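Reader: I'm new to this one. Could you walk me through it and tell me how each label was earned?

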Amino acid sequence: MSDDAIRTHGLTKRFRTGQVAVDGIDLAVPRGAVYGFLGPNGSGKTTTIRMLLGLVAPTAGQVHLLGEPMPQAAARVLPRVGALVEGPAFQPYLSGRANLARLDAVDGSADPRTARARADAALERVGLGAAADKRYRQYSLGMKQRLGLAAALLRPRDLLVLDEPTNGLDPQGTREVRHLVRELADAGTTVLVSSHLLAEIEQVCTHVGIMGGGRLLLQGPREDLAARRGSRVVVRTPQADGAAALAELRRLGLADAAVEPVAADGVVTVSAALADDEPGASSALPAPQDIAGALVHAGVGILTFDVRRPSLEQVFVELTGEGFDVAR
Ligand SMILES: Nc1ncnc2c1ncn2[C@@H]1O[C@H](COP(=O)(O)OP(=O)(O)OP(=O)(O)O)[C@@H](O)[C@H]1O
C-alpha cells in the first residue's frame with residue numbers, strides 16, 4: 001500500500017476487439033497534487049480513468065485510490081472521490097438545480113435538510129448560479145460540462161478525477177476551470193485532470209503524466225520534466241557586442257553558444273543550451289545570474305536576458321515524435 005492518492009500497478013485494458021487501450025501503466029498521483037493526465041486523443045486516458053473509478057474492469061493490474069484497493073473498497077472510497085467523466089446521467093427536462101438535487105438525494109450520506117444549500121453552492125462555484133433554473137436540455141455544451149463539475153463538487157472530496165473538464169468551454173470557461181482546480185487544490189483536494197490540450201492545464205499542474213499509445217511515456221513533477229531537456233539562455237545585445245557575448249558564453253563553458261542572424265534593427269541574439277539532457281551533467285554549467293554577471297563584467301550591452309524552458313509540449317513531441325492532436 002502507498003500513501004499516494006492514486007496508485008496503479010501494471011494497469012491494463014484489452015478490449016474484446018483485441019485492442020490494448022491501456023498497456024501496463026504505473027500511475028502515481030501524490031496526495032495534494034494537481035496531476036495533468038495528458039496525451040493525444042485515443043491514447044488511453046478515458047479508459048484509464050474509467051478503470052480508476054471502477055466503471056470498467058481492468059484486464060490486468062491493480063488500482064489503489066486513497067490507499068485502498070479498488071474495486072473492493074469502492075463503497076468506502078468512492079464517496080470521497082468526485083468524478084467528471086463523459087456523459088453524466090442528467091435528466092434533460094429537469095433544471096440544473098433539480099438535477100443536482102436528484103443526485104444529492106441518491107447519496108445516502110448527505111443530509112437532505114441542507115440539500116438546497118449544497119446544490120446552490122456547487123452551482124455558484126462553477127458559474128451556473130444564473131442558469132440554475134434552466135432546463136438541462138437548454139444548456140450549452142459548456143454549461144453541461146459545468147453542471148458535471150458541480151455534481152462532482154456537491155460535497156467535499158479528497159480526490160477529484162476530471163476527464164477533459166474543459167471540453168466545450170470557451171477560453172473564459174477554460175480559465176474558470178483552471179481557477180477552480182487551483183482553488184480546490186489549495187484547499188487540499190488532490191486533482192487528476194485529463195486533457196488532450198496540454199497548454200490548457202499545464203499552468204495548474206504540479207505533476208504530469210503523458211500517455212501515448214496506451215503507455216505512460218513520462219511521469220513526474222512538472223518542473224522536473226520541463227527542466228530535463230532543452231533549457232536555453234537567450235541574450236539580445238547590440239550587434240557590435242555580439243562577438244564579445246559569444247566569446248564570453250563559450251568561456252563560461254556553454255559550448256554550443258551561437259549567434260543568430262542579425263535582425264534589421266542592429267540587434268543580435270546570442271543563445272546557448274543551459275542544461276544537458278543527461279541527469280547531473282548540467283551541474284558544471286554556470287547559473288543564469290552568473291552568466292548575466294559575467295556578460296556585464298565583460299562589457300557586453302544587454303538588451304534582454306532570458307532563460308527559456310521548453311514547453312511540456314516540446315518535450316512531449318521530442319520524446320515521442322508525435323504531435324498532440326494525432327489520433328490513433
Ligand atoms: N469500449 C471500447 N471497445 C473497443 N475499443 C475501445 C473502447 N473504448 C475505447 N476504445 C479504444 O481504446 C483506445 C483508447 O481510448 P480512450 O478513450 O481511452 O482514449 P483517450 O486518451 O481518452 O482519448 P480521447 O481524448 O479521445 O477521449 C482508442 O483507440 C479507442 O478507440
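What follows is a short back-and-forth about how the labels fit the structure.

Author: One thing up front: this is a predicted model. The protein chain has 11 helices and 15 strands, and its C-alpha atoms fill a box of roughly 75 × 45 × 35 Å along the principal axes.

Reader: What makes a residue count as buried, and how many of the 328 residues do?

Author: A residue needs 20 or more other C-beta atoms within 10 Å of its own. Of the 328 residues, 38% count as buried.

Reader: How do you know which strands of the open sheet are at the edges?

Author: Start with the order, which is E7-E8-E9-E4-E10-E11, with mixed pairing. Strand E7 (81-84) and strand E11 (215-221) each have a single partner strand, so one side of each has no neighbour in the sheet, and that puts them at the edges. Neighbouring strands here are turned by 10 degrees against each other on average, direction ignored.

Reader: Why are strand E4 and strand E9 called paired?

Author: Two strands pair if there are at least two bridges between them. Strand E4 (residues 34-38) and strand E9 (residues 190-195) are joined by 5 bridges, so they pass, and they run parallel. As an example, glycine 36 has valine 193 in E9 as its bridge partner.

Reader: Which helices pack on this sheet, and which strands do they touch?

Author: H1 packs on the sheet and touches E4, strand E8 (159-163), E9 and strand E10 (207-212). The direction of H1 makes about 150 degrees with that of E8. Helix H6 (residues 171-186) packs on the sheet as well, touching E4, E8 and E9, and the direction of H6 makes about 155 degrees with that of E9.

Reader: What puts a residue in the shell around the ligand, and which ones come nearest?

Author: The C-beta atom has to lie within 6 Å of the ligand. There are 14 residues around the ligand, and Phe15, Ala21, Asn41, Thr46 and Thr47 come nearest. Helix H1 (residues 45-52) gives the most to this shell, with 3 residues.

Reader: How do the residues of that shell divide into nonpolar, polar and charged?

Author: The split is 2 nonpolar, 10 polar and 2 charged. Glycine counts as polar in that scheme.

Reader: Where do the domains begin and end, and how far apart are their centres?

Author: The domain assignment gives domain 1 (6-226) and domain 2 (231-309). Their C-alpha centres lie 43 Å apart.

Definitions and conventions: Residues numbered from 1 in each chain as written. Predicted model: local features only at pLDDT ≥ 70, side-chain atom pairs only at ≥ 80, totals over all residues. Helix = DSSP H or I, 4+ residues; strand = E, 2+ residues; numbered from the N terminus. Buried ≥ 20, exposed ≤ 12 C-beta atoms within 10 Å, placed from the backbone. Axes fitted to C-alpha atoms, helices over the stretch in contact; angles between N-to-C directions. Contact = placed C-beta atoms within 7 Å. Domains from an automatic or database assignment.
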